[in-house]
Amino acid sequence: MNLSTAPLLAFGAHPDDIEFGAGAIVARETQSGRPAHFAVCSRGEAGTNGTPAERTKETERAAKALGATVEFLELDGDSHLELRNAHALKLAAVIRTVRPALVLAPSPEPNQHPDHWRLGQLVRDATRLARYGGLKELKSQTPHAIGQLFFYALGPGAEPRDLSPVVIDISAKEVMAAWTKSMEAHASQMKTRNYVELQLARARVHGLNAGVAHGQLLWPNDPLVFHSLTDISRGARRF
Ligand SMILES: [Zn+2]
């Protein structure tokens with residue numbers, strides 16, 4: 001597997017999760033030539049604003065702005081997601097189909113929408129199940145080992161306390177433009193709060209803290225492996 005061109009696979013519990021939590025990172029990757037695919041696990045049918053049909057359309061527009069393809073998975077529906085091994089197997093089947101190097105999922109931190117942390121746990125399980133050769137439910141597909149699982153956080157409450165984040169510099173104009181467009185595609189959700197402003201402000205703070213204009217954070221599920229200290233010589237703290 002070529003780690004710089006193998007696909008990125010992002011999971012979201014609701015139609016706008018990936019865009020708001022990690023959209024700029026997706027834009028950065030697709031703009032450098034990496035394919036990206038979204039697996040969205042509900043159509044937002046429990047939300048206050050927007051019908052499932054509207055939200056499906058918004059998601060398709062948003063994914064397009066980020067250069068990603070999108071599919072919807074039927075699990076238990078919005079606000080009903082349960083931790084079940086059958087779900088992890090279903091997500092593992094998606095991993096075997098897409099065969100990604102990178103997998104993104106909402107963080108498993110409990111102080112947020114219950115679908116978010118449950119999906120984070122299910123995806124973590126799925127990345128393991130995807131590589132076990134003897135699973136009869138997945139027998140029709142070749143096992144697949146991903147390169148790395150990263151968690152994204154939709155707000156400060158969702159940021160994992162026990163993992164150190166990596167800061168991705170998303171300052172490039174084309175990246176910020178694609179990301180903003182993808183968030184604005186979810187127009188039905190702006191009736192509740194201005195989530196675009198919120199995420200842009202968050203990215204500005206994360207960026208300034210790391211000495212760049214805008215940054216988005218990811219939390220690696222496992223220790224990162226580097227071939228050289230040069231790759232990790234730039235810390236976020238500005239001395
Ligand atoms: Zn959500």
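Axes are lines fitted to C-alpha atoms, for helices over the stretch in contact, and the angle between two of them runs from 0 to 180 degrees between N-to-C directions. The structure described here is a predicted model.

Two packed helices are described by the angle between their axes and the distance between the axes. For helix α3 (residues 85-98) and α4, the axes come within 8 Å and cross at roughly 60 degrees. That angle makes α3 oblique to α4. The crossing in which α3 passes α4 is right-handed. On the α3 side the contact is made by Asn85, His87, Ala88, Leu89, Leu91, Ala92, Ile95 and Arg96. On the α4 side Leu119, Leu122, Val123, Asp125, Ala126, Thr127 and Leu129 take part. By class, the residues of the contact of α3 with α4 divide into ten nonpolar, three polar and two charged.

A second helix pair is formed by α1 and helix α5 (residues 173-184), which pack at an angle of about 135 degrees with their axes 9 Å apart. Angles over 145 degrees count as roughly antiparallel, and α1 and α5 are therefore oblique to each other. The crossing of α1 past α5 is right-handed. Helix α1 contributes Glu19, Phe20, Gly23, Ala24, Ala27, Arg28 and Gln31 to the contact, and α5 contributes Glu174, Val175, Ala178, Trp179, Ser182 and Met183. Seven nonpolar, three polar and three charged residues make up the contact of α1 with α5.

Helix α5 also packs against helix α6 (residues 195-209), at an angle of about 150 degrees and with the axes 10 Å apart. This arrangement makes α5 roughly antiparallel to α6, the cut-off for that class being over 145 degrees. Helix α5 passes α6 in a right-handed crossing. The residues in contact are Met176, Trp179, Thr180, Met183 and Glu184 of α5, together with Val196, Gln199, Leu200 and Ala203 of α6. Six of these residues are nonpolar, two are polar and one is charged. Trp179 and Met183 of α5 are thus listed in the contact with α6, and Trp179 and Met183 are also listed in the contact with α1.

The model contains a zinc ion, whose protein donors are His14 (ND1), Asp17 (OD) and His116 (NE2), at 2.0 to 2.1 Å from the ion. The spacing of the donor residues in sequence is H-x2-D-x98-H. Asp17 lies in helix α1 (residues 17-31) and His116 in helix α4 (residues 114-129), so this pair ties together parts that are 99 residues apart in sequence. Asp17 counts as buried, with a relative accessibility of 3%. His116 is likewise buried, at 8% relative accessibility; the cut-off for this class is under 20%.

Two residues that are not glycine have a positive phi. For Ser79, phi is about 70 degrees. Ser79 is placed in the loop between β3 (68-72) and α3 and, at 38% relative accessibility, counts as partly exposed. For Arg99, phi is about 55 degrees. Arg99 is located in the loop between α3 and β4 (102-106), and with a relative accessible area of 29% Arg99 is partly exposed. Helix α3 therefore has one of these residues in the loop between β3 and α3 and the other in the loop between α3 and β4.

Pro165 occupies a place in the loop between β5 (148-152) and β6 (166-169). Its relative accessible area of 39% makes Pro165 partly exposed. When neighbours within four places in sequence are left aside, Pro165 is in contact with Leu217, Leu218 and Trp219. Pro165 and Gln216 are 51 residues apart in sequence, and their C-alpha atoms are 9.5 Å apart in space.

Ser233 is found in the segment after β7 (215-220). With a relative accessible area of 57%, Ser233 is exposed, the cut-off being over 50%. Ser233 and Ile18 are 215 residues apart in sequence, with a C-alpha to C-alpha distance of 29 Å.

Conventions. Residues are numbered from 1 along each chain as its sequence is written. This is a predicted model: local features need pLDDT of at least 70, side-chain atom pairs count only at pLDDT 80 or more; totals for chains, interfaces and linings use all residues. Side-chain values use heavy atoms; hydrogens and water are left out. Donors are N, O and S atoms within 2.8 Å of the metal (3.2 Å for Na, K and Ca); water is not among the atoms, so sites may look incomplete. Helices (H or I, at least four residues) and strands (E, at least two) are DSSP runs, numbered from the N terminus. Buried means under 20% relative accessible area, exposed over 50%, partly exposed in between (1.4 Å probe, protein chains only). Contact means heavy atoms within 4.5 Å. Angles under 35 degrees count as roughly parallel, over 145 as roughly antiparallel, 65 to 115 as roughly perpendicular and the rest as oblique. A crossing is left-handed if the near helix is turned anticlockwise from the far one by less than a right angle, and right-handed if clockwise. Ala, Val, Leu, Ile, Met, Phe, Trp, Tyr, Cys and Pro count as nonpolar, Asp, Glu, Lys and Arg as charged, and the others, Gly among them, as polar.
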